[in-house]
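Trainee: I have a structure here and I would like to learn how to read it. Could we go through it together?

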Amino acid sequence: MADFVADRQHDAFRGAIEEGQRAGEFSADLDPHDAANFLLTTINGMRVLAKADPRPARLAGLVDTALRAL
């Protein structure tokens, strides 16, 4: 079940990245599959961190860094 959810999330991220590339919002040389994996693992890591250290400023910094990486 968890694999199914992760696959659906990955596919949604990949689709959004591909759409963003067509719109010129993401670089054309960004690999949508790899970027989707990056987002999925980043978000899952943030979920773990939020349980251990839920300070909003720390999480906001991670979001900013992840978005700049794209």
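Mentor: Here are some short questions and answers on this predicted model.

Trainee: Which elements does the chain run through from the N terminus on?
Mentor: Begin with the secondary structure. It comes to three helices and zero strands. From the N terminus on, the order is α-α-α.

Trainee: What does the C-alpha trace span along its principal axes?
Mentor: The chain has 70 residues. Along the principal axes, its C-alpha trace spans about 35 × 30 × 15 Å.

Trainee: How much of the chain counts as buried?
Mentor: Take the outside before the inside. The chain exposes about 5,000 Å², and carbon and sulfur atoms supply 58% of that area. Of the 70 residues, the share that counts as buried is 23%.

Trainee: What span should the 21 residues of H2 have?
Mentor: H2 covers residues 32–52. Its end C-alpha atoms are 30 Å apart. That agrees with the expected span, because at 1.5 Å a residue H2 should reach 30 Å.

Trainee: Which residue has its backbone nitrogen approached by Asp31 at the start of H2?
Mentor: Look at the side chain of Asp31. One of its oxygens reaches to within 2.9 Å of a backbone nitrogen at the start of H2. That nitrogen belongs to His33.

Trainee: Which residues make up the largest nonpolar core?
Mentor: Start from the buried residues of H2. Among them are Pro32, Thr42, Met46 and Leu49. Ala35, Ala36 and Leu39 are also buried residues of H2. The largest nonpolar core has five residues: Ile17, Leu30, Ala35, Ala36 and Leu39.

Trainee: Which helix gives the most to this core?
Mentor: Ala35, Ala36 and Leu39 belong to the core. They are among the buried residues of H2. With three residues, the helix that gives the most is H2.

Trainee: Which residues does Leu30 touch, not counting those up to four places away in sequence?
Mentor: Leu30 is itself one of the core residues. Two of its partners, Ile17 and Ala35, are in that core too. The full list is Ile17, Gln21, Ala35 and Leu70.

Trainee: Is Gln21 buried or exposed?
Mentor: Gln21 is found in helix H1. Its relative accessible area is 18%. The cut-off for buried is under 20%. So Gln21 is buried.

Trainee: How far is the backbone oxygen of Ser27 from a polar atom of the Gln21 side chain?
Mentor: Ser27 is found in the loop between H1 and H2. Leaving aside neighbours within four places, Gln21 is in contact with Phe26, Ser27, Ala28, Leu30 and Pro32. From the backbone oxygen of Ser27 to a polar atom of the Gln21 side chain, the distance is 2.9 Å.

Trainee: How far apart in space are Ser27 and Leu70, C-alpha to C-alpha?
Mentor: Ser27 is partly exposed, with a relative accessible area of 38%. In sequence, Ser27 and Leu70 are 43 residues apart. In space, C-alpha to C-alpha, they are apart by 8.1 Å.

Trainee: What share of the contacts with a separation of 6 or more comes from residues 24 or more positions apart?
Mentor: Consider Leu30 and its contact with Leu70. Now consider the whole chain. Among contacts with a separation of 6 or more, residues 24 or more positions apart account for 40%.

Trainee: Where is Asp53, and is it buried or exposed?
Mentor: Asp53 sits in the loop between H2 and helix H3 (56–69). Its relative accessible area is 13%. Buried means under 20%. So Asp53 counts as buried.

Trainee: Which residues meet Asp53 in salt bridges?
Mentor: Arg55 and Asp53 meet at 2.5 Å, N to O. Asp53 and Arg58 meet at 2.6 Å, N to O. Arg58 is partly exposed at 41% relative accessibility. The partners include Arg55 and Arg58.

Trainee: Why are Asp11 and Arg14 separated by about one helical turn?
Mentor: Their side chains meet in a salt bridge of 3.4 Å, N to O. Asp11 is partly exposed at 40%, and Arg14 is partly exposed at 28%. They are about one turn apart because, in helix H1, their separation is three residues.

Trainee: How many salt bridges are there?
Mentor: One joins Asp11 and Arg14. Another joins Asp53 and Arg58. The count comes to four.

Note on methods: Residues are numbered from 1 along each chain as its sequence is written. This is a predicted model: local features need pLDDT of at least 70, side-chain atom pairs count only at pLDDT 80 or more; totals for chains, interfaces and linings use all residues. Side-chain values use heavy atoms; hydrogens and water are left out. Helices (H or I, at least four residues) and strands (E, at least two) are DSSP runs, numbered from the N terminus. Buried means under 20% relative accessible area, exposed over 50%, partly exposed in between (1.4 Å probe, protein chains only). The expected span of a helix is 1.5 Å times one less than its number of residues. A polar contact is a pair of N or O atoms within 3.5 Å; within protein, one must be able to donate a hydrogen and the other to accept it, and residues adjacent in sequence count only if both atoms are side-chain atoms. A nonpolar core is a set of buried Ala, Val, Leu, Ile, Met, Phe, Trp, Tyr and Cys residues joined through side-chain atoms within 4.5 Å. Contact means heavy atoms within 4.5 Å. Accessible areas come from the Shrake-Rupley method with a 1.4 Å probe; for residues, only the protein chains shown count as cover.
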